[in-house]
Amino acid sequence: MERPNAWKTYDEKALKALEKTAAAYRRYLDDGKTERECVTETVEMAEKAGYKNLDDLIKAETALKAGDKVYVNCMGKAIMLFHLGKQPLVKGMNIVGSHIDSPRIDLKQNPFYEDSDFAYADTHYYGGVKKYQWVARALALHGVICKKDGSVVEIAIGEKDDDPVVGISDLLIHLSAEQMSKKASEVITGEGLDITIGGRPLKDEDKNAVMANILGILKEKYGIEEEDMLSAEIEAVPAGPSREYGLDRSMILGYGHDDRVCAYASLEALFDLPEVPEYTCCCLLADKEEIGSVGATGMRAHYFENAYAEIMNLTGDYSELKLRRGLAACRMLSCDVSAGYDPLYASAFEKKNAAFLGRGVCYNKFTGSRGKSGSNDANPEFIARLRKIMDDNSICWQTAELGKVDVGGGGTIAYICALYGMEVIDSGVPVLSMHAPLEIISKADLYEAVKAYKAFMLNA
Ligand code: MN
Ligand code: MN
């Protein structure tokens, strides 16, 4: 049951469309290095496509009808878009849901200190990272500093060509005999991930003169006091844009494919729907997936069902019972990346149940670890319907599981949405070097994901 390589199926027209999608995705990825930046970008795209903010519609008590487009901004860190269909909401929605947070290095609340004529920012990493991958590379600082007067300073330092970058130093190989004998998980510790942010002391300052200089720069350029860091959210991420990868330019190397590649693919698919789809279609971009979907912007919060209720209400068709029936009737693709088969690490995979780069969008019946623990195990009845939708629409797709049995595992937002009783399956783009500072995808899989998500929203 080997699946064909998507590249072999493309004619000139398809290749042109593929490159257009790849270029647009790279812009989304390069401009969205944090969940907040992705929401900002998505709001812009949504408003351009005719989507209205649900808060405004609720205030104005605007009645909603088929064809209307609505978005919900959850604290600037998660976002949902709804395109209302002909069928009433009690019949459920077709949902494509992904996440826009990615592994990274967050600054602590009291981050700054000075040592040996360097100024540092102390950090606490976010999500599953191999810490040794984050040293000796250019990092950019993105985020917000919220001040007591209610104002918010946004920063993105390290992306423009003439911006400075920051980074975490590594020990020189010449003195690394002891370090090199350690386990990879111990080579760099969590507390060792301190970011160098300065090295020039103020002339007429005796104590902490380098830090004093840095604080002066922060004050002058951004109007920030050190105390303001107490209410800041600053994320250190790999600096610089994504790149075409491979001499044949078939792949994209970049930070945050997990899971912005599925987020972007689902957005492009949503914006390409006809004026009035049969069922209401929803594109859901969640935060906090990488740390367990917790918190007010994580998928475990109730924003999806709350928005469902509000929209039902504005269509004049709300009741608690109808809401519950609607939630249970939904069909969903939990759009998240999967592990791409890597011949250099073949022993981690079981080849006939692995996802291959270039062979299209990938369906994972289950995720989890140690005997599927923690997994949403999708129903075969639902998978059979998906097979038909994919094949009827000439989409290259494959099935996979995340590596060999008992080698490891992972999770997505699928099991959370399944709590409502809806049909859910994981569906995404295979990635190499997942969770590394720079990850790799195939342009073909991105292109097939866009087509798959559109076909799903129109036909599920
Ligand atoms: Mn993910
Ligand atoms: Mn992940």
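**A two-manganese site and the nonpolar cores**

The manganese ion (ligand 2) and the manganese ion (ligand 1) lie 3.3 Å apart, with Asp258 coordinating both. The model is predicted. The manganese ion (ligand 2) takes its donors from Asp258 (OD), Glu290 (OE), Glu290 (OE) and His435 (NE2). The distances run from 2.0 to 2.6 Å. Along the chain, these donors follow the spacing D-x31-E-x144-H. Distant parts of the chain are linked by one pair: Asp258 sits in helix α7, and His435 sits in the loop between β21 (430-431) and β22 (439-442). The two residues are 177 residues apart. Asp258 is buried, as is His435.

The manganese ion (ligand 1) is coordinated by His99 (NE2), Asp258 (OD), Asp336 (OD) and Asp336 (OD). Here the distances are 2.2 to 2.5 Å. The donor residues are spaced H-x158-D-x77-D in sequence. Asp336 belongs to the loop between β14 (331-334) and β15 (338-339), while Asp258 belongs to helix α7, so this pair ties together parts 78 residues apart in sequence. Both Asp258 and Asp336 are buried.

Attention turns to the nonpolar interior. The largest nonpolar core contains 54 residues. Leu81, Leu333, Tyr363 and Tyr453 have the most contacts inside it. At least two residues of this core come from each of α1 (12-31), α2 (35-48), β3 (78-83), α7 (257-271), β13 (280-286), β16 (361-364), α10 (380-392) and α12 (443-459). A second, separate core has 36 residues, including Leu57, Cys282, Ile416 and Val424.

Tyr363 illustrates the packing. Neighbours within four places in sequence are set aside here. Tyr363 then contacts Leu333, Leu386, Met390, Trp397, Gln398 and Thr399, among others. Its further partners include Ala400, Ile425, Asp426, Ser427 and Ala452. Leu333, one of these partners, is itself among the residues with the most contacts inside the largest core.

A nonpolar patch was also found on the surface. Leu171, Leu172 and Leu175 make up this patch, which covers about 290 Å². Leu172 is placed in the loop between β8 (152-157) and α4 (177-180). The relative accessible area of Leu172 is 42%, so this residue counts as partly exposed. By contrast, the metal-coordinating residues Asp258 and Asp336 are buried, and so is His435.

Methods: Residues numbered from 1 in each chain as written. Chains lettered and ligands numbered in written order. Predicted model: local features only at pLDDT ≥ 70, side-chain atom pairs only at ≥ 80, totals over all residues. Heavy atoms only, no water. Core = buried A, V, L, I, M, F, W, Y, C linked by side-chain atoms within 4.5 Å. Buried < 20%, exposed > 50% of the residue type's maximum accessible area, 1.4 Å probe, protein only. Helix = DSSP H or I, 4+ residues; strand = E, 2+ residues; numbered from the N terminus. Contact = heavy atoms within 4.5 Å. Donors = N, O, S within 2.8 Å, 3.2 Å for Na, K, Ca; no water. Patch = residues over 30% accessible without salt bridge, like charges linked within 9 Å, V, L, I, M, F, W, Y side chains within 5 Å. Areas by Shrake-Rupley, 256 points an atom, 1.4 Å probe, with all protein chains shown as cover. Salt bridge = Lys/Arg side-chain N within 4 Å of Asp/Glu carboxyl O.
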